2 protein chains.
Amino acid sequence: MPGRGKRAAERICDAARELFYRDGTRAVGVEQIVAYAGVTKPSLYRSFASKDALIAHYVTEFGVDMLRRFDEVVAAHPGDPRGALLTVMAHVAEQTTAPGCRGCGITNVMIEYPDPAHPARIAAEASKSALRGRLRDLGAALGARDPAALGDGLMLLIEGCLASGQLFGPGGPAASVQAAAAALIDAQAGPGG
Amino acid sequence: MPGRGKRAAERICDAARELFYRDGTRAVGVEQIVAYAGVTKPSLYRSFASKDALIAHYVTEFGVDMLRRFDEVVAAHPGDPRGALLTVMAHVAEQTTAPGCRGCGITNVMIEYPDPAHPARIAAEASKSALRGRLRDLGAALGARDPAALGDGLMLLIEGCLASGQLFGPGGPAASVQAAAAALIDAQAGPGG
DNA sequence: GATAATAGGTACCGGTCGGTAACATCGTCA
DNA sequence: TGACGATGTTACCGACCGGTACCTATTATC
């Protein structure tokens, strides 16, 4: 039971993040969430209008965390976009091949809710577009001939790792992502980019 | 209502394939499937032991179709693995950016059922491993220095298209997949590979 | 025409889902 | 001390879930 001393809303968020990511949002019931959080159902519905609203909040939080980690890596490589990208790729490969990895929580929710009007999907699109923009910016920073194409190629590799990691595990295709990313970068900017 | 003249089992498969792919397996109930197929619930349970068994059958069928289409493209490019791969990538880009595309039905089911023991997940792993093997074989056929790494890099690009296509649509990263694949191939085997 | 398999019709089961109403309790701060 | 907002307790709702029992109608085969 996570965060015994915290407020009910925060404990609900912690429980939802953990259970939603592990089992999927449709597989987890609100009863299970409140039991895991150590609160009661009315407390959940005092902080969130519906289960869908809680899912949207989960997606938003997930996206904020993801972009924060990305930005931290970039900030650790000032003036070295190539090093930043390769470090990002190394992190992606490591995390997506770890046992029990379930890929990207945002993508998973997006797959569970095809309806474009679903609030969680709107939050998902915002986060993914932000990531796409950052990859293009880095592509431009290292002088790529077509920064958009390079950023999108890298984005495909990342999404591929997230999707295939949870099926293939440590011996999966994600182990090759850093080499593939380097090839894409070199093709656009040369090995010295 | 698809296939009025067909046997009940086949109509159930057709309905399940369409509804499962469109809305996801957890979102579609057996009642909805039999109604769409124009049959009744006992007919479904005479052909399938459970809903899970129907989902596993759906995944298996999906994988067979996927590999058949892949093999057709390869067969249309005898002695030209590079051309085969680029054609595959063009098809992937086209299909994953089409409106209403919902990515890979196998991946979607895999995300909905994290349990490694779920029958649908076992079927999913078989299909994806087969695809991975074919990509490696093509990598070896065009003389790549590291066929496994090339095949896995291409696999990541494909999975990335399938994941991001349903969120970004026609203007998404999948539009760059063919160029990215060419860069990966050239880095391993040179433009003449 | 008899038989057996396959199909549909209907009604039903227990369980779980998301969500709510009404009321009791606690801690905090004035 | 008193009041208030946040929380817990209990019970409940209608709807839907996957799955089944029982019986009848069709269809093909011999």
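**Reading the chain contact, the symmetry and the DNA surfaces**

Tutor: This is a predicted model. We shall begin with the surface near DNA strand C, to which H2 (30-37) and H3 (41-47) of chain A, together with H1 and H3 (41-47) of chain B, each supply at least two residues.

Student: Which element gives the largest share of the surface near DNA strand C, and which residues are closest to the strand?

Tutor: H3(B) gives the largest share, 4 residues. In total, 17 residues surround DNA strand C, and the closest are Gly29(A), Ser50(A), Lys51(A), Val39(B) and Ser43(B). By class, this surface has 7 nonpolar, 4 polar and 6 charged residues.

Student: How many residues lie around DNA strand D, and which of them come nearest?

Tutor: There are 18 residues around DNA strand D, and Thr40(A), Ser43(A), Gly29(B), Ser50(B) and Lys51(B) come nearest. The elements giving two or more residues here are H1 (8-23) and H3 of chain A, with H2 (30-37) and H3 of chain B. H3(A) gives the most, with 4 residues. The class composition of the surface near DNA strand D is 7 nonpolar, 5 polar and 6 charged residues.

Student: How are two copies of a chain related?

Tutor: Two copies of a chain are related by a rotation about an axis and a shift along it. In this model, a turn of 180° with a shift of 0.0 Å along the axis lays chain B on chain A with an RMSD of 0.0 Å. The two copies are therefore related as by a two-fold rotation axis.

Student: Which C-alpha of chain B is nearest the axis?

Tutor: The C-alpha of Gly160(B) is nearest, 2.0 Å from the axis. The same surface serves both copies, since 100% of the contact residues of chain B recur in chain A.

Student: How many residues does each chain bring to the contact?

Tutor: Chain B brings 37 residues and chain A brings 38 residues. On the side of chain B that touches chain A, two or more residues come from each of H1 (8-23), H6 (105-112), H7 (119-141), H8 (147-168) and H9 (177-189) of chain B.

Student: Which of these helices has the largest share, and what is the class composition of that side?

Tutor: The largest share, 12 residues, comes from H8(B). By class, the side of chain B that touches chain A has 18 nonpolar, 8 polar and 11 charged residues.

Terms used
Residues are numbered from 1 along each chain as its sequence is written. Chains are lettered from A and ligands numbered from 1 in the order in which they are written. This is a predicted model: local features need pLDDT of at least 70, side-chain atom pairs count only at pLDDT 80 or more; totals for chains, interfaces and linings use all residues. Two residues are in contact if their C-beta atoms, placed from the backbone, lie within 7 Å. Ala, Val, Leu, Ile, Met, Phe, Trp, Tyr, Cys and Pro count as nonpolar, Asp, Glu, Lys and Arg as charged, and the others, Gly among them, as polar. A residue is near a molecule or strand if its C-beta atom, placed from the backbone, lies within 6 Å of it. Copies are superposed by least squares on the C-alpha atoms of residues with pLDDT of at least 70 in both.
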